[in-house]
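Subject: Structure handover

Hello,

Here is the structure you will be taking over. My notes on what was found in it follow below.

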Amino acid sequence: MDKLPNPIDVLDARLIGLLAAEPRIGVLECSRRLHVARGTVQARLDRLTERGVIRGYGPEIDPAALGYGVTAFVTLEIRQRFGHDPVAAHLAEIPEVLEAHTITGSGDLMCRIVARSNTDLQRVIDRVMGFDGIERSSTIIALAEQIPHRTLPLVTAAARSSP
C-alpha cells in the first residue's frame, strides 16, 4: 500500500496553531514568534492554502450567539432519479443548513441544521422537505455540544506522523 505524502510538517502545525489562537495576527508577527523568516511564513501559508489545507481566514461564527440556539442533525432520503446535486442545490438555498454530506447507510444525505427554537426547527425542516427530490427525513436534536468543531488536534497528529 502506497503511503500518501504528509501535507504538513511540525512548522506548518505550529503556524496553523498560532493562526487558530490569534486569527488577526500578521505574517510578520508569525515569523517573529516562530523564529523563521517572513518569506518562509508567507510561502508556507501560500502552499497550505493552495493545497486546500487552509480553506479560509474568516471569523468563526457561533450560531447560538446569532439567536440560533437549536442544532439538529437531519438524515435525508432522496429520490435516486434526481441525484444528489439538485438536492444539494436546494439545501444550499436554506441559510439554516450549515452542512450537508453524502453518506452511507440508511440515508443519502446528512445535514447539520440550526434554528431559533423547536418551532422554528419545524419551519426549517418543512422548507428542506419542500423539494420534490427528498422523500423522507429523520431528525435528531442536539442537547449540548460536548466537543465543538475542531481541527487542531488533527493538525498536530498529522504533523507528528510526518517523515
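Helices and strands here are DSSP runs, numbered from the N terminus; a helix has at least four residues and a strand at least two. Please keep in mind that this is a predicted model.

The largest pocket

The largest pocket holds about 1800 Å³ of space. Its lining is made up of 42 residues, and those nearest the centre of the pocket are Glu60, Pro148, His149, Arg150 and Thr151. By type, the lining comprises 28 nonpolar, seven polar and seven charged residues.

Several elements contribute at least two residues each to this lining: helix 1 (10-21), strand 1 (70-78), strand 2 (97-102), strand 3 (109-115) and helix 6 (152-160). Which of them gives the most to the lining of the largest pocket? That is helix 6, with five residues.

The sheet

Strands 1, 2 and 3 also belong to an open sheet of four strands, in the order 2-3-1-4, with antiparallel pairing. At the edges are strand 2 and strand 4 (134-142), each of which pairs on one side only. From one strand to the next, the twist averages 20°.

In general, the strands of a sheet pair through backbone hydrogen bonds, in a parallel or an antiparallel way. In this model, strand 1 is joined to strand 3 by seven bridges, in the antiparallel sense. Leu76 has Leu109 in strand 3 as its bridge partner.

Two helices pack on the sheet. Helix 4 (residues 84-92) touches strand 1, strand 2, strand 3 and strand 4, and its direction makes about 5° with that of strand 3. Helix 5 (residues 118-129) packs on the sheet as well, touching strand 1, strand 2, strand 3 and strand 4; the direction of helix 5 makes about 155° with that of strand 4.

Strand 1 also pairs with strand 4, again antiparallel, over eight bridges. Here Thr75 stands opposite Ser138 in strand 4.

The annotated span

An unreviewed UniProt entry lists residues 8-69 as "domain: HTH asnC-type". In the model, that span is 53% helix and 0% strand, and its end C-alpha atoms lie 35 Å apart.

Regards

Note on methods: Residues are numbered from 1 along each chain as its sequence is written. This is a predicted model: local features need pLDDT of at least 70, side-chain atom pairs count only at pLDDT 80 or more; totals for chains, interfaces and linings use all residues. Side-chain values use heavy atoms; hydrogens and water are left out. On a 1 Å grid over the protein atoms alone, a cavity is a set of points where a 1.4 Å probe fits but cannot get out, and a pocket is an open set with protein on both sides within 12 Å along at least five of seven lines; lining residues have an atom within 4 Å of a point. Grid points are joined across faces, edges and corners, and a volume is the space filled by probe spheres set on the points. Ala, Val, Leu, Ile, Met, Phe, Trp, Tyr, Cys and Pro count as nonpolar, Asp, Glu, Lys and Arg as charged, and the others, Gly among them, as polar. UniProt positions are given in the numbering used here, feature names are shortened, and annotations may be inferred rather than shown by experiment. Two strands pair if DSSP finds at least two bridges between them. Axes are lines fitted to C-alpha atoms, for helices over the stretch in contact, and angles run from 0 to 180 degrees between N-to-C directions. Contact means heavy atoms within 4.5 Å.
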